[in-house]
Amino acid sequence: PGTNVIAVEVHQSATNSSDIVWGMALTASTQLQNCEPATVVLNEIFARNQSFTNAAGRAPDWIELFNATTNTVDLSDFSLTDDAGALRKWVFPSGSSIGPLAHLVIECDNGVPASTTNTGFALGASGGAVFLVKRPADGGTVLDSLNFGFQAADYSLGRIEDGNGDWALTLPTRGAANVAASLGNASSLKLNEWLASSPGEDDWLELFNPEPQPVALAGLALTDDASVHDQSPLPPLSFIGPQRHQKLIADGNRGAGADHVVADARHPHPLRPAG
């Protein structure tokens with residue numbers, strides 16, 4: 001119980017080798033008591049939709065909820081938001097509900113007015129957050145939330161299994177059970193281009209994924225100092241699409257978004273495992 005530390009010392013056995021590699025996997029289990037009963041949760045987030053159109057011919061982002069209970073749940077006066085400072089950004093209208101073990105999709109299209117099925121705001125393709133918030137009469141607290149990094153085009157984030165599983169990259173399955181996406185090997189990623197000095201423009205780096213599958217970037221970091229591998233770790237739930245590029249702005253302003261890093265583009269080093 002409590003905080004535990006695993007310390008490792010690695011020795012190079014030969015003097016003619018230029019690299020050293022060490023890896024570890026840690027598996028743990030936790031037992032919980034007095035858990036809250038199953039409820040309505042965020043189940044799928046589609047933040048970079050480029051191809052999946054609705055009946056109006058538009059390609060909106062969307063938020064999918066899942067009712068993990070065996071009863072219909074009244075969602076009247078609940079709210080959805082992408083801003084922790086504005087929890088009532090979009091409010092479910094009176095009479096809204098979700099059936100037992102059912103999915104409910106709310107579109108996030110900032111190109112058309114907000115409605116009973118559209119929040120009126122888009123999700124952050126370069127990273128952001130989504131919050132499902134209880135009605136004020138029930139305390140107005142956050143019922144479920146998700147923070148995510150930059151997204152691969154036409155892939156969503158979903159729980160595997162629906163309702164209570166871990167978040168993973170998924171194939172878009174609007175209103176249906178989530179399907180995990182196959183991932184490529186992060187070791188294939190390339191530093192493809194960088195801009196180091198241009199008047200009026202921030203430095204930036206470009207990654208390229210040559211793999212035919214998307215690649216997860218969590219656990220990797222950029223650095224301009226080979227002795228500090230975790231100078232700019234890439235955020236959890238960040239992905240780069242198959243044979244796609246990802247621009248990272250090297251301005252040191254991590255608060256501006258998941259695609260902002262502290263690495264100096266004048267002296268870029270390869271991607272390294274963080275830590």
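This report describes the overall make-up, strand pairing and selected residues of a predicted protein model.

## Overall make-up

The protein has 275 residues, and 38% of them count as buried. Its secondary structure consists of 20 strands and zero helices. Along the principal axes, the C-alpha atoms fill a box of roughly 70 × 55 × 35 Å.

Consider contacts with a separation of 6 or more. Residues 24 or more positions apart account for 58% of these in the protein.

## Surface and charge

The exposed area is about 14,900 Å². Carbon and sulfur atoms supply 49% of that area. The protein carries 14 positive and 30 negative charges. The mean positions of the two sets are 4 Å apart.

## Strand β1 and its partners

Strand β1 covers residues 40-46. Seven of its seven residues are buried, so the strand is mostly covered by the cut-off of under 20% relative accessible area. In a regular strand, side chains alternate between the two faces of the sheet.

β1 pairs with strand β2, residues 61-67. The pairing is antiparallel and spans six bridges. Within this pairing, Val40 stands opposite Asn67 of β2.

β1 is also joined to strand β10, residues 156-160. Here two bridges connect the strands, which run antiparallel. Ile45 has Leu157 as its bridge partner in β10.

## Leu42

Leu42 sits in strand β1. Its relative accessibility is 0%, so it counts as buried. What does Leu42 touch, leaving aside residues up to four places away in sequence? The contacts are Ile63, Glu64, Leu65, Leu80, Val130, Leu132, Asp144, Ser145, Leu146, Arg159 and Trp167.

Some of these contacts can be placed on strands. Ile63, Glu64 and Leu65 fall within β2, residues 61-67. Arg159 falls within β10, residues 156-160. Leu80 and Leu132 are themselves opposite each other, with Leu132 in β8.

Gly127 is 85 residues from Leu42 along the chain. The C-alpha atoms of these two residues are separated by 17 Å.

## A four-strand open sheet

Four strands form an open sheet in the order β5-β4-β8-β9, with antiparallel pairing. Which strands stand at its edges? They are β5 (90-91) and β9 (142-148). Each has a single partner strand, so one side of each is left without a neighbour in the sheet.

Inside the order, β4 (residues 79-81) pairs with β8 (residues 128-133). This antiparallel pairing has three bridges. Leu80 stands opposite Leu132 there, and both residues touch Leu42.

## Backbone features in the loops

A cis peptide bond links Ile160 to Glu161, with omega about 10 degrees. Glu161 lies in the loop between β10 and β11 (166-171).

Two residues have positive phi although neither is a glycine. Leu101 has a phi of about 55 degrees. Its loop runs between β6 (97-98) and β7 (103-108). Is Leu101 buried or exposed? Its relative accessible area is 52%, so Leu101 is exposed by the cut-off of over 50%.

For Asp154, phi is about 70 degrees. Asp154 lies in the loop between β9 and β10. At 16% relative accessibility, Asp154 counts as buried, because the cut-off is under 20%.

Note on methods. Residues are numbered from 1 along each chain as its sequence is written. This is a predicted model: local features need pLDDT of at least 70, side-chain atom pairs count only at pLDDT 80 or more; totals for chains, interfaces and linings use all residues. Side-chain values use heavy atoms; hydrogens and water are left out. Buried means under 20% relative accessible area, exposed over 50%, partly exposed in between (1.4 Å probe, protein chains only). Two strands pair if DSSP finds at least two bridges between them. Contact means heavy atoms within 4.5 Å. Accessible areas come from the Shrake-Rupley method with a 1.4 Å probe; for residues, only the protein chains shown count as cover. Lys and Arg count as positive and Asp and Glu as negative; His and the chain ends are not counted. The place of a charge is taken as NZ of Lys, CZ of Arg, CG of Asp or CD of Glu.
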